[in-house]
Every structure is written in structure tokens, then in C-alpha cells.
Amino acid sequence: MIEIEKKFILNEEEKRRIIKNAQFLGNKIFTDVYYDKNDYSLTLKDFWLRFRDGTAELKIPLKKENDTFINQYEEIIDEDKIRQKINIQKSSISLINDLTLNNYIPFCKCKTTRTKYKNNIFSIDLDFVDFDDFTYNIAEIEIMVENEKDIDDAVRKINNFAKENNLKIDSVRGKVIEYINRKNSKLYNKLLIKGIIKE
């Protein structure tokens, strides 16, 4: 599946506006641990390898439309495909073991309390993210598509939904980017230079 999403920092009135006619789907709490090497070779390619409550997921970028501020990633959850994408051999049953053997280490851990809604075709996530020494509130409006040919239409629909609800379409740091911004300015600047993130 392909994830098309836009991140927002919302005030309470904006939150009420976008969930007014939405279906409440529930709350969930999960922990993400992000992995990379010391040289951040994955992060600097805009590859995001994480374990969410122990389940592996790799997000890799698709086409970029720099003026939309909308993220477009393919999500890979098959561990053998993840190994293939990051170019490591299968030496054991456990992907964690193979990552350790190839000098991958955890570099970011956070606990998210997510409140989920469905508004027509849009998934709305309101996240409270706890990094132990600081917290971060962020919202995501998302459409999942199966084919790349549907990406442009999904981008347009998210932009229209944001405009209809008077939301500011701007660059917003995701939770891991916010962590990097606060904890690793050298890496953050490299990501800026490469155009992976924008301010």
C-alpha cells in the first residue's frame, strides 16, 4: 500500500472542526523504535526503518511534490523485502538479529497515544507523542492507495479537505524529524541540505 498523508499542528478549534462529522474509531497506544547505522545511511535516503510494538516496517519515498508538503511513502512490512531494500542478507529468522549483525542500532524511541477517526475517505490521527524528556502533539490526515497512478488524486483530495476546513498547508515536522531537530542538529541540517525535509 502507498501512504499519502499530510501532517498538521492543530489548535483545539481546528481539531473539533475536522472531527465534527467523523466516525470515532478508538484510541491506541504503541511504541516505535527507529533503526539506522551510525552514519544514518537510511535516514539520509529518506528511508525510515522502525519496529512498532515489535513489528517491522520500512517506509520508502515515492515521487516528491515539493510544493504540497504531502508525504508519499510505500510501506513495506514483509521482513524479507525489508532486508532486500536495505541490502542485508538473511542470516537468522529474526530481522532484529540481522540488523545487529549489520551494525544497525536504535536511534529514536517514542510512545504514541493515538486517537483515530474516519471522515469519509480520510483517516485522521491525533497523536500525543512521548519521547521521555519532551512531548509532541501532531495530527495526520491520510489516504491509502494501491497504485501510484492514484497518488495525484489523493494529494488533491487531502489539499481540498484541508482548505475546506481552513487548515494551514505548511511544512510540519513529523515526530522523528522533531526528535532529530531537537537531539541531532548535524543530521537535521544534512536532511535540510538534501531536501528530505523543509522548513
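The legends below describe close-up views of a predicted model.

**View 1. Eight strands form a closed barrel.**
The strand order around the barrel is β1-β5-β4-β3-β2-β6-β7-β8, with antiparallel pairing. Neighbouring strands of this sheet are turned against each other by 35 degrees on average, direction ignored. Helix α2 (residues 79-86) packs on the sheet and touches β3 (48-52), β4 (55-61) and β5. The direction of α2 makes about 45 degrees with that of β4. Strands of a sheet pair through backbone hydrogen bonds, in either a parallel or an antiparallel sense.

**View 2. Strand β1 (residues 2-8) is mostly covered.**
Seven of the seven residues of β1 are buried. I2, I4, K6 and F8 point one way from the strand, while E3, E5 and K7 point the other way. In a regular strand the side chains alternate between the two faces of the sheet. Both sets of β1 residues, I2, I4, K6 and F8 as well as E3, E5 and K7, are buried.

**View 3. Strand β1 pairs with β5 and with β8.**
Four bridges join β1 to strand β5 (residues 71-76), and the two run in the antiparallel sense. Within β5, E74 stands opposite I2. With strand β8 (residues 135-145), β1 also pairs in the antiparallel sense, here over seven bridges. E142 in β8 is the bridge partner of E5.

**View 4. Strands β6 and β7 run antiparallel.**
Strand β6 covers residues 105-119 and strand β7 covers residues 122-130. Nine bridges join the two strands. One residue pair to locate in this view is K118 with its bridge partner S123 in β7.

**View 5. A salt bridge links E5 and K7.**
The closest N and O atoms of this pair are 2.4 Å apart. Both E5 and K7 are buried, and the two residues point the same way from β1, together with E3. The pair belongs to a network of salt bridges that links E5, K7, R114, K116, D125, D127 and E140. The model has 22 salt bridges in total.

**View 6. R16 and E13 form a salt bridge in helix α1 (residues 12-19).**
The closest N and O atoms are 3.2 Å apart. R16 and E13 are separated by about one helical turn, because they lie three residues apart in α1. E13 has a relative accessibility of 41% and so counts as partly exposed.

**View 7. The side chains of E178 and R173 meet in a salt bridge.**
The N to O distance is 2.6 Å. The relative accessible area of E178 is 5%, so this residue is buried. R173 has a relative accessible area of 29% and is therefore partly exposed.

**View 8. Helices α5 (residues 175-183) and α6 (residues 185-194) cross at roughly 125 degrees.**
The two helix axes come within 6 Å. The crossing angle makes α5 oblique to α6. On the α5 side the contact is made by I177, I180, N181 and K183, and on the α6 side by S185, L187, Y188 and L191. The residues of this contact divide into five nonpolar, two polar and one charged.

Key: Residues are numbered from 1 along each chain as its sequence is written. This is a predicted model: local features need pLDDT of at least 70, side-chain atom pairs count only at pLDDT 80 or more; totals for chains, interfaces and linings use all residues. Side-chain values use heavy atoms; hydrogens and water are left out. A salt bridge is a side-chain nitrogen of Lys or Arg within 4 Å of a carboxyl oxygen of Asp or Glu. Buried means under 20% relative accessible area, exposed over 50%, partly exposed in between (1.4 Å probe, protein chains only). Two strands pair if DSSP finds at least two bridges between them. Axes are lines fitted to C-alpha atoms, for helices over the stretch in contact, and angles run from 0 to 180 degrees between N-to-C directions. Angles under 35 degrees count as roughly parallel, over 145 as roughly antiparallel, 65 to 115 as roughly perpendicular and the rest as oblique. Contact means heavy atoms within 4.5 Å. Ala, Val, Leu, Ile, Met, Phe, Trp, Tyr, Cys and Pro count as nonpolar, Asp, Glu, Lys and Arg as charged, and the others, Gly among them, as polar.
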